[in-house]
Amino acid sequence: MSNAISSQPDSYTEFWSEYHLCTLTTLRPDGRPHVVPVGVTLDAAAGVARVITRKSSKKVANVLAAGGPAQVAVCQVDGGRWATLEGTAEVCTDAAAVEDAVTRYGQRYGRTPAPDPERVVIQISIERAMGHTVPAARRPSAA
């Protein structure tokens, strides 16, 4: 398990298994952030997060424009709970990697996308994990 993930409470990885829309932030070549809604899967044991997308997307172009591993962040929020994963991203076109990412997406989001020959995976090697994921019912009272 990634050191960044292993330092988080169990509720952190549980939160990443729930159905939540996320955001992916990449950097445009001029340095401005590009933030888009995405589905994200977390492989805590490997220290990797994955986003499936089309190879013609702006997010893929931004990752490729970095000329090497690109700095990115994925985030999700649910009321007072939130989690962000930061790391370096690369675009994977390998058919087995894409199939694995689609399977993981289906497990998290309860539906498997239709086959798409243009599909690729943005694979993020997690370097930092942060957030607050303890449900309100389990938080200590302020009394």
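Here is a walk through this structure, from its core to its salt bridges and aromatic rings. Keep in mind that you're looking at a predicted model.

Let's start on the inside. The largest nonpolar core has 35 residues, and Trp 16 and Leu 85 are the ones that touch the most other members. Which strand gives this core its largest share? That would be strand 7, covering residues 119-132, which supplies six residues. To get a feel for the packing, click on Leu 85 and look around. Leaving aside residues up to four places away in sequence, Leu 85 touches Ile 5, Tyr 12, Trp 16, Leu 42, Ala 49, Val 72, Ala 73, Val 74, Ile 126, Arg 128 and Ala 129. So Trp 16 turns up among the contacts of Leu 85, and these two are the very residues with the most core neighbours.

Now for the charged side chains. How many salt bridges does the structure hold? There are nine. One of them joins Glu 18 to Arg 81, with the closest N and O atoms 2.7 Å apart. Glu 18 sits in the loop between helix 2 (10-15) and strand 1 (22-27), while Arg 81 belongs to strand 6 (residues 81-92), so this pair ties together parts that are 63 residues apart in sequence. Are the two partners buried or exposed? Glu 18 is partly exposed, at a relative accessible area of 28%. Arg 81, on the other hand, counts as buried because its value of 11% falls under the 20% cut-off.

Another salt bridge pairs Arg 32 with Asp 30, and here too the closest N and O atoms are 2.7 Å apart. Arg 32 has a relative accessibility of 47%, so this residue counts as partly exposed.

Next, find Asp 43 and Arg 104, whose side chains meet in a salt bridge at 3.3 Å, N to O. This pair links distant parts of the chain: Asp 43 is in strand 3 (residues 41-43) and Arg 104 is in helix 4 (residues 95-109), 61 residues apart. Asp 43 is buried, with 14% relative accessibility, whereas Arg 104 is partly exposed, with a relative accessible area of 25%. The pair doesn't stand alone, either: Asp 43, Arg 50, Asp 100 and Arg 104 are linked in a network of salt bridges.

Stay with helix 4 for the last stop, the aromatic rings. A pair of rings is described by how far apart the centres are and by the angle of the planes. Searching the whole structure turns up two aromatic pairs. Tyr 19 and Tyr 109 make an edge-to-face pair, 5.1 Å centre to centre with 80° between the planes. This pair also links distant parts of the chain, since Tyr 19 lies in the loop between helix 2 and strand 1 and Tyr 109 in helix 4, 90 residues apart. Tyr 19 is exposed, with a relative accessible area of 60%, but Tyr 109 is buried, at 8%.

The other pair is Tyr 105 with Tyr 109, which is tilted: 4.8 Å centre to centre and 35° between the planes. Both of these residues lie in helix 4, four residues apart, or about one turn of the helix. Like Tyr 109, Tyr 105 is buried. Put the rings together, and Tyr 19, Tyr 105 and Tyr 109 form one aromatic cluster.

Technical notes:
Residues are numbered from 1 along each chain as its sequence is written. This is a predicted model: local features need pLDDT of at least 70, side-chain atom pairs count only at pLDDT 80 or more; totals for chains, interfaces and linings use all residues. Side-chain values use heavy atoms; hydrogens and water are left out. A nonpolar core is a set of buried Ala, Val, Leu, Ile, Met, Phe, Trp, Tyr and Cys residues joined through side-chain atoms within 4.5 Å. Buried means under 20% relative accessible area, exposed over 50%, partly exposed in between (1.4 Å probe, protein chains only). Helices (H or I, at least four residues) and strands (E, at least two) are DSSP runs, numbered from the N terminus. Contact means heavy atoms within 4.5 Å. A salt bridge is a side-chain nitrogen of Lys or Arg within 4 Å of a carboxyl oxygen of Asp or Glu. Rings of Phe, Tyr and Trp (its six-membered ring) pair if their centres lie within 6.5 Å; planes under 30 degrees apart count as stacked, over 60 as edge-to-face and the rest as tilted.
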